[in-house]
Amino acid sequence: MMKNSFFDTVNNMLQRFEPISLGEMDGVKLLDRTDVKFALSFKQLSPVLEALQLHYRVLTIKNTRIFSYRTEYFDTPDMSMFFDHHNGKLNRFKIRHREYIESSLNFLEVKFKSNKGRVTKQRIQSKADNQPAFHGFVNEHTPYDPKSLNKTVINHFNRFTLVDNMLKERVTIDFNLAFRNSLQHLWLNGLVIIEIKQNRKDRNSPVFDILKANGIRPASVSKYCLGFPC
């Protein structure tokens with residue numbers, strides 16, 4: 001787990017939230033959903049969390065509330081998926097392998113954003129070096145030739161997940177972001193990314209009101225695209 005002063009600050013704030021177990025939030029998996037993202041500085045996070053306490057619970061597993069992720073992204077030689085994301089094209093794909101550090105779980109994942117603005121995610125449990133699984137999964141869920149795909153970016157980050165009291169939405173909050181590509185390492189410790197995940201976009205929820213009240217507006221941001229130098 002990536003621990004530093006940011007980690008300790010967030011962990012202390014999260015102790016004020018009521019917990020929710022993984023089993024309790026099974027009905028809010030939202031693998032077919034709409035999502036809205038926000039980018040903010042770390043110093044903006046404290047008042048947002050303070051206001052969210054009455055309306056949301058925090059995912060808690062074995063007394064742990066902050067989890068660590070490692071993600072590898074794959075793309076074509078001409079970086080077509082990167083440019084699709086960078087240019088805001090819809091009907092686009094993202095192919096990645098994600099490791100959930102604390103639980104030692106590994107998944108191959110394909111995310112697809114349609115021209116209706118919905119995001120669907122397919123995934124299978126698989127190690128990163130399982131080539132037969134990778135080839136079969138990519139062939140089944142994307143138009144890309146798996147043999148032509150290269151690993152392009154690796155990122156690490158911490159995440160905690162909030163679930164509203166009505167069990168209708170998830171809010172993931174990522175911080176301590178670090179990236180590695182073929183050219184350099186990037187550390188974006190002062191950046192926080194909030195993603196609101198809902199079955200249907202509904203801005204009449206507490207998190208939207210609280211973010212707006214704190215001057216935080218929706219932003220087009222992708223952790224994949226952040227991993228490349230400008």
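The accessible surface of this chain comes to about 11600 Å², and 50% of that surface belongs to carbon and sulfur atoms. Bear in mind that what you see is a predicted model, so every value I quote is computed from that prediction.

Staying with the whole chain for a moment. Of its 230 residues, 50% count as buried. The C-alpha atoms fill a box of roughly 50 × 35 × 35 Å along the principal axes. Is the radius of gyration what a compact globule would have? Put better: what radius of gyration does the chain have, and what would a compact globule of 230 residues have? The chain has 17 Å, and a compact globule with that number of residues would be near 17 Å, so the two agree.

On secondary structure, the chain has 6 helices and 11 strands. As for contacts, take those with a separation of 6 or more: residues 24 or more positions apart account for 69% of them. On charge, there are 35 positive and 23 negative side chains. The centres of these two sets lie 2 Å apart.

Now some single residues, beginning with Arg96. You will find Arg96 in strand E5, which covers residues 92–100. Is Arg96 buried or exposed? Its relative accessible area is 5%, and therefore Arg96 is buried. The side chain of Arg96 makes a polar contact with the side chain of Glu109, at 2.7 Å. Glu109 is also on the list of residues that Arg96 touches, once residues up to four places away in sequence are set aside. That list further includes Thr71, Glu72, Tyr73 and Phe74, and also Phe107, Leu108, Lys111 and Lys121.

Leu108 comes up again with the next residue, Ala133. Ala133 lies in helix H4, residues 131–141. Because its relative accessibility is 19%, and the limit for buried is under 20%, Ala133 counts as buried. Leaving aside neighbours within four places in sequence, Ala133 is in contact with Leu108, Ile124 and Ser126. How far apart in space are Ala133 and Lys113? They are 23 Å apart, C-alpha to C-alpha, with their positions 20 residues apart in sequence.

Next, Ser205. Ser205 sits in the loop between strand E11 (191–198) and helix H5 (206–213). Although in a loop, Ser205 is buried, with a relative accessibility of 6%. Apart from residues up to four places away in sequence, Ser205 touches Tyr56, Glu169 and Gln198.

Last, two residues picked for their backbone angles. Most residues other than glycine have a negative phi. Which value does Asn63 have? Its phi is near 65°, which is positive, and Asn63 is not a glycine. Asn63 is found in the loop between strand E3 (56–59) and strand E4 (67–75). With a relative accessibility of 77%, Asn63 counts as exposed.

Ser104 also has a positive phi, about 60°, without being a glycine. Its place is in the loop between E5 and strand E6 (105–113). At 53% relative accessibility, Ser104 counts as exposed.

To recap the single residues: Arg96 is buried in its strand, Ala133 is buried in helix H4, and Ser205 is buried in a loop. Asn63 is exposed, and Ser104 is exposed.

Notes
Residues are numbered from 1 along each chain as its sequence is written. This is a predicted model: local features need pLDDT of at least 70, side-chain atom pairs count only at pLDDT 80 or more; totals for chains, interfaces and linings use all residues. Side-chain values use heavy atoms; hydrogens and water are left out. Helices (H or I, at least four residues) and strands (E, at least two) are DSSP runs, numbered from the N terminus. Buried means under 20% relative accessible area, exposed over 50%, partly exposed in between (1.4 Å probe, protein chains only). A polar contact is a pair of N or O atoms within 3.5 Å; within protein, one must be able to donate a hydrogen and the other to accept it, and residues adjacent in sequence count only if both atoms are side-chain atoms. Contact means heavy atoms within 4.5 Å. The radius of gyration is taken over C-alpha atoms; the globule rule is 2.2 Å times the number of residues to the power 0.38. Accessible areas come from the Shrake-Rupley method with a 1.4 Å probe; for residues, only the protein chains shown count as cover. Lys and Arg count as positive and Asp and Glu as negative; His and the chain ends are not counted. The place of a charge is taken as NZ of Lys, CZ of Arg, CG of Asp or CD of Glu.
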